[in-house]
Amino acid sequence: MTFKQDIIDALTLAYPQILTFENLASELMASQERVVQSVTELQEQNYPISTQGRDIHLAYPLLSVPAILKQLETDFIGKPVQLHARLDSTNSYAKENLTDLINGEIILAHEQTAGKGRLGRNWTSPAGASISLSLVLKSDIPFERIPLLTQLTAASLVKALDAWADVKIKWPNDIILNNKKIAGVLVETEFSGRSLKGIVIGIGINTNVDQMDIPEDLQSKATSIREEKAGEIDPNKLVARFLKHFENFYVAFLGSQHTEPFLSICREQSVLIGKDYWIIDKEQKRKASIRTIDPTGGLVVTYHDTNKTEVITSTDLSIRGEHTYV
Ligand code: BT5
């Protein structure tokens, strides 16, 4: 991918300016034939590159390491950045290569062929139109505090996305815009015996996905930021913003153990709190009033059948409205 990524970098850094094949060839010190050939292949792989005669430009900026680094203001989160054209799953890649990855390193992919959600579910990540990101953490976090990282990540996404939209959170890991899902978080751990080898925080965001590229069965509950805001998103700006907010919350969390800075955002932006939902696990389906999120990151609910208030910590369940997703 490196030559093709060089083309993507040049077009992204120039965006919204229109370049010519001559410009690109001389900038990349390559023949025009080679540039034409690579651009054609990228177009065949659905990357949003438009050409007209000698002119060439992007419909919207694509993931690009130099473009991220230009705006990255963190100390260690997002350093270094790896960008791949296509992986089965950035989380699987990070877990398989964990020994070689350092604390704060991120893995990005333009496309995933077997993106994962929770409980073996699938996550679709169309080429060049979505962000698939895995962040590697190698710090000693007590096991029972790991679920808080999902909330910390969700709050960081809310802050990062507020440059474009007022998004909501559906506990524990869904990011919602106009009642549809635009992003999801999957936190995974890797152990070596009893000791924690590392944590992989996976984030999938539908940035510039066209509604037509969302699978049929997800049409009613999934959307992209571009579709809802009718405008393109610069994924590099979004990644840099996310990493900065994540680092701020994470450093404070490790230092003071304070969870309120991010949990207060999770509560304020919750689509669930104050409403009634069905809580569905493998065995049963129970109606509950959703009260709040407690300091451990658990969801506090009052079940209607018993009138008992309990804290849900397991994320191995679904929360659904009467006939709706949110
Ligand atoms: C999630 O799971 O929402 C976690 C998604 C995490 C994806 C990232 S991408 C980078 C990293 N590498 C990976 O392999 N994974 C992570 P869950 O709450 O279980 O939601 C999965 C459900 O969301 C699916 O069963 C679908 O119903 C729906 N879904 C699948 N793809 C979607 C998409 N692109 N947009 C919105 N909803 C989607």
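This briefing walks through selected parts of the structure, grouped by topic. The model is predicted, and the points below concern a three-stranded sheet with the helices that pack on it, the surroundings of a ligand, two individual residues, a helix that is mostly covered, and a set of paired strands.

**The three-stranded sheet and its helices**

- Three strands make up an open sheet in the order β1-β3-β2, and the pairing between them is antiparallel.
- The edges of this sheet are formed by β1 (19–20) and β2 (49–52), each of which pairs on one side only.
- Between β2 and β3 (residues 55–58) the antiparallel pairing runs over four bridges, and within this pair Ile-49 stands opposite Leu-58 of β3.
- Helix α3, which covers residues 32–44, packs on the sheet and touches β2 and β3, with its direction making about 130 degrees with that of β2.
- Helix α1, made of residues 2–14, lies across β1, β2 and β3, and it runs at about 80 degrees to β3.
- As background for reading any such sheet, the side chains in a regular strand alternate between the two faces of the sheet.

**Asn-23, a partly exposed residue**

- Asn-23 has its place in helix α2, which spans residues 21–27.
- Because its relative accessibility is 35%, and the partly exposed class lies between 20% and 50%, Asn-23 counts as partly exposed.
- Asn-23 and Asp-88 are 65 residues apart along the chain, and their C-alpha atoms are separated by 34 Å.

**Around the ligand**

- There are 28 residues around the ligand, and those that come nearest are Ser-89, Lys-116, Arg-121, Lys-181 and Asn-206.
- A side-chain N or O atom of Gln-112 is 3.0 Å from a nitrogen atom of the ligand, while a polar backbone atom of Asn-91 is 3.4 Å from a ligand nitrogen atom.
- An oxygen atom of the ligand lies 2.8 Å from a backbone N or O atom of Arg-118.

**Ser-224, a buried residue in a loop**

- Ser-224 is found in the loop that lies between β11 (195–205) and α7 (225–229).
- The relative accessible area of Ser-224 is 0%, and it is therefore buried, since that class takes in values under 20%.
- A polar atom in the side chain of Ser-224 lies 2.6 Å from the backbone oxygen of Val-209.
- When its neighbours within four places in sequence are left aside, Ser-224 is in contact with Ile-182, Asn-206, Thr-207, Asn-208 and Val-209; of these, Asn-206 is also listed among the residues that come nearest to the ligand.

**Helix α6, mostly covered**

- Helix α6 consists of 15 residues, 147–161, and it reaches 22 Å from its first C-alpha to its last, which is close to the 21 Å expected at 1.5 Å a residue.
- Of the 15 residues in α6, 13 are buried, and the helix is thus mostly covered.
- An α-helix has 3.6 residues a turn, so residues three or four places apart point the same way.

**The pairing of β12 with β13 and β16**

- Strand β12 (residues 276–280) pairs with strand β13 (residues 285–293) in the antiparallel sense over five bridges, and a hairpin joins β12 to β13 through four residues.
- Within this pairing, Ala-288 in β13 is the bridge partner of Tyr-277.
- β12 also pairs in the antiparallel sense with strand β16 (residues 318–320), here over three bridges, and Ile-280 stands opposite Ser-318 in β16.

Methods:
Residues numbered from 1 in each chain as written. Predicted model: local features only at pLDDT ≥ 70, side-chain atom pairs only at ≥ 80, totals over all residues. Heavy atoms only, no water. Expected span 1.5 Å × (residues − 1). Buried < 20%, exposed > 50% of the residue type's maximum accessible area, 1.4 Å probe, protein only. Pairing = 2+ DSSP bridges. Contact = heavy atoms within 4.5 Å. Axes fitted to C-alpha atoms, helices over the stretch in contact; angles between N-to-C directions. Near = heavy atom within 4 Å. Polar contact = N/O pair within 3.5 Å; in protein donor to acceptor, adjacent residues only side chain to side chain.
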